[in-house]
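Thanks, everyone. Please look at the next slide with me, and I'll walk you through what is there.

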Amino acid sequence: MEKVIKCILLDVDNVLITEIIEMDADIGEPNCKLINPYLFNSVDDMKPWKGDVTNQTEFMIRADDILTIVDPTGTVVDKYLELTT
């Protein structure tokens with residue numbers, strides 16, 4: 001299965017770049033798996049999201065908690081893949 005890498009806006013100050021997988025779930029339950037999410041400030045300033053509190057690399061969130069999802073540029077994807085592989 002091909003990786004789906006997206007930029008997601010959680011709130012005004014939190015943009016993540018992450019591999020994302022939509023999951024089946026009951027209404028109100030987490031239905032998006034974020035794999036290796038990185039907090040995105042710029043192409044040269046990305047760091048693991050929640051990296052200072054956990055070693056987890058997968059997080060479940062509800063789609064309702066995402067404000068928007070966009071396709072990152074090729075440069076952003078290349079840098080993300082460099083950091084995560």
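Let's start with Ile35. You'll find Ile35 in strand 3. Keep in mind that this is a predicted model. Is Ile35 buried or exposed? Ile35 has a relative accessibility of 12%, and buried means under 20%, so Ile35 counts as buried.

Who are its neighbours? Leave out residues up to four places away in sequence, and Ile35 touches Thr18, Glu19, Ile21, Thr57, Glu58 and Tyr80. Take Glu58 from that list. Along the sequence, Ile35 and Glu58 are 23 residues apart. In space, their C-alpha atoms are 4.6 Å apart.

Now the core. Which residues make up the largest nonpolar core? There are eleven: Ile8, Leu10, Leu16, Ile20, Cys32, Leu34, Leu39, Trp49, Phe59, Ile61 and Ile66. Four strands each supply at least two residues of this core: strand 1 (5-11), strand 2 (14-22), strand 3 (32-42) and strand 5 (58-61). The largest share comes from strand 3, with three residues.

Find Trp49, which belongs to this core. Again skip residues up to four places away in sequence. Trp49 then touches Leu10, Leu16, Leu34, Pro37, Tyr38, Leu39 and Phe59. Apart from this core lies another one, of eight residues. Ile5, Tyr38, Met46 and Val76 are among them. So note Tyr38: it is in that other core, and Trp49 touches Tyr38.

Let's zoom out to the whole chain. How many helices and strands does the protein chain have? One helix and six strands. Read along the sequence, the pattern is β-β-β-β-β-β-α. The radius of gyration is 12 Å, close to the 12 Å that the globule rule gives for 85 residues, so the chain is as compact as a globular protein of that length. Along the principal axes, the C-alpha atoms fill a box of roughly 40 × 30 × 25 Å.

What about contacts along the chain? Take those between residues at least 6 apart in sequence. Of these, 52% join residues at least 24 apart.

Last stop, burial, surface and charge. Of the 85 residues, 28% count as buried. The chain exposes about 5,700 Å², and carbon and sulfur atoms supply 48% of that. How many positive and negative side chains are there? The protein chain has 7 positive and 17 negative ones. The centres of the two sets lie 4 Å apart.

That's the tour. Thank you.

Terms used: Residues are numbered from 1 along each chain as its sequence is written. This is a predicted model: local features need pLDDT of at least 70, side-chain atom pairs count only at pLDDT 80 or more; totals for chains, interfaces and linings use all residues. Side-chain values use heavy atoms; hydrogens and water are left out. A nonpolar core is a set of buried Ala, Val, Leu, Ile, Met, Phe, Trp, Tyr and Cys residues joined through side-chain atoms within 4.5 Å. Buried means under 20% relative accessible area, exposed over 50%, partly exposed in between (1.4 Å probe, protein chains only). Contact means heavy atoms within 4.5 Å. The radius of gyration is taken over C-alpha atoms; the globule rule is 2.2 Å times the number of residues to the power 0.38. Accessible areas come from the Shrake-Rupley method with a 1.4 Å probe; for residues, only the protein chains shown count as cover. Lys and Arg count as positive and Asp and Glu as negative; His and the chain ends are not counted. The place of a charge is taken as NZ of Lys, CZ of Arg, CG of Asp or CD of Glu.
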